[in-house]
Amino acid sequence: MTDTAPEATDTEPTTEAPEAPQEPTTEPPASEPEPDTFPRAYVEKLRSENADYRNRAKVADELAQRLHTELVRATGKLADPTDMAFDAAHLEDPDTLAAAIDDLVARKPHLKARRVVGAVGQGESGTNTGVDLLGIMRGRA
């Protein structure tokens with residue numbers, strides 16, 4: 001008779017307890033401070049240079065917006081040149097600026113510049129239709 005029971009081999013998994021993971025310490029050793037990657041003076045120099053560049057960019061942006069407003073004012077098409085939104089492309093191409101202004105006026109005609117023409121009832125008109133008090137006083141004298 002043959003025995004049909006399975007034989008024990010070395011490939012069977014073992015049921016040993018796994019090792020407990022060790023907790024990493026979160027505190028660095030007190031005797032060794034964290035080393036700096038770059039010298040402090042070098043980092044401060046880089047930060048001050050970047051601050052200068054940011055300030056220059058801010059001034060350049062403000063000047064570009066003022067130039068845009070004055071270019072819109074020079075066209076004379078808008079009553080208030082600040083109604084036209086800033087676009088850097090308008091600074092480079094005057095045709096683009098003119099087309100954008102025309103489009104804005106077409107969409108919002110109330111923004112168009114108006115010019116008063118003719119007599120509006122104010123100021124000296126050049127004709128004397130009223131009473132001349134000086135003439136009356138001269139006539140009595």
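Which residues make up the largest nonpolar core? In this predicted model, the core consists of nine residues: Val72, Leu78, Met84, Leu97, Ala100, Ile101, Leu104, Val105 and Leu111. Helix α3, which spans residues 94-107, gives the most to this core, with five residues. Here is a friendly tour of that core, the helices around it, and the charged and aromatic pairs.

**Core and its contacts**

- Leu104 is one of the core residues, and its contacts beyond four places in sequence are Leu78, Asp83, Met84 and Leu111.
- Three of those partners, Leu78, Met84 and Leu111, are themselves listed in the largest nonpolar core.
- Met84 is also touched by His90, so the next stop is that histidine, a buried residue at 6% relative accessible area.

**His90 in helix α2**

- His90 sits in helix α2, which covers residues 88-92.
- With a relative accessible area of 6%, His90 falls under the 20% cut-off and is therefore buried.
- The side chains of His90 and His68 make a polar contact at 2.9 Å.
- Leaving out residues up to four places away in sequence, His90 touches His68, Met84, Ala85, Thr96, Leu97 and Ala100.
- Among these neighbours, Met84, Leu97 and Ala100 belong to the largest nonpolar core.

**Helix α1**

- Helix α1 runs through residues 40-75.
- With its 36 residues, α1 reaches 53 Å from first to last C-alpha, close to the 52 Å expected at 1.5 Å a residue.
- The buried residues in α1 include Ala64, His68, Thr69 and Val72.
- Both α2 and α3 are among the elements that cover the buried residues of α1.
- Of those buried α1 residues, His68 is the polar partner of His90, while Val72 is part of the largest nonpolar core.
- After α1 comes Gly76, which has a positive phi near 75°.

**Salt bridges**

- How many salt bridges does the structure hold? There are four, including the three described here.
- Side chains of opposite charge can pair when their charged atoms come close.
- Arg40 and Glu44 meet through their side chains in a salt bridge, 3.3 Å from N to O.
- Because Arg40 and Glu44 are four residues apart in helix α1, about one helical turn separates them.
- Arg40 counts as exposed at 63% relative accessibility, and Glu44 as partly exposed at 44%.
- Lys77 and Asp102 form another salt bridge, with their closest N and O atoms 3.0 Å apart.
- That pair links distant parts of the chain, 25 residues apart: Lys77 is in the loop between α1 and α2, and Asp102 is in helix α3.
- Both partners are partly exposed, Lys77 at 32% relative accessibility and Asp102 at 40%.
- Asp103 bridges to Arg107, and the closest N and O atoms of this salt bridge are 3.3 Å apart.
- Asp103 and Arg107 both belong to helix α3 and lie four residues apart, about one turn of the helix.
- Asp103 is partly exposed at 41%, whereas Arg107 is exposed at 53%.

**Aromatic pair**

- The count of aromatic pairs comes to one.
- Why is the pair of Phe38 and Tyr42 called tilted? The ring planes meet at 40°, which lies between the cut-offs of 30 degrees for stacked and 60 for edge-to-face.
- The ring centres of Phe38 and Tyr42 are 5.9 Å apart.
- Tyr42 is partly exposed, at 42% relative accessibility.

Notes
Residues are numbered from 1 along each chain as its sequence is written. This is a predicted model: local features need pLDDT of at least 70, side-chain atom pairs count only at pLDDT 80 or more; totals for chains, interfaces and linings use all residues. Side-chain values use heavy atoms; hydrogens and water are left out. Rings of Phe, Tyr and Trp (its six-membered ring) pair if their centres lie within 6.5 Å; planes under 30 degrees apart count as stacked, over 60 as edge-to-face and the rest as tilted. Buried means under 20% relative accessible area, exposed over 50%, partly exposed in between (1.4 Å probe, protein chains only). Helices (H or I, at least four residues) and strands (E, at least two) are DSSP runs, numbered from the N terminus. A polar contact is a pair of N or O atoms within 3.5 Å; within protein, one must be able to donate a hydrogen and the other to accept it, and residues adjacent in sequence count only if both atoms are side-chain atoms. Contact means heavy atoms within 4.5 Å. A nonpolar core is a set of buried Ala, Val, Leu, Ile, Met, Phe, Trp, Tyr and Cys residues joined through side-chain atoms within 4.5 Å. The expected span of a helix is 1.5 Å times one less than its number of residues.
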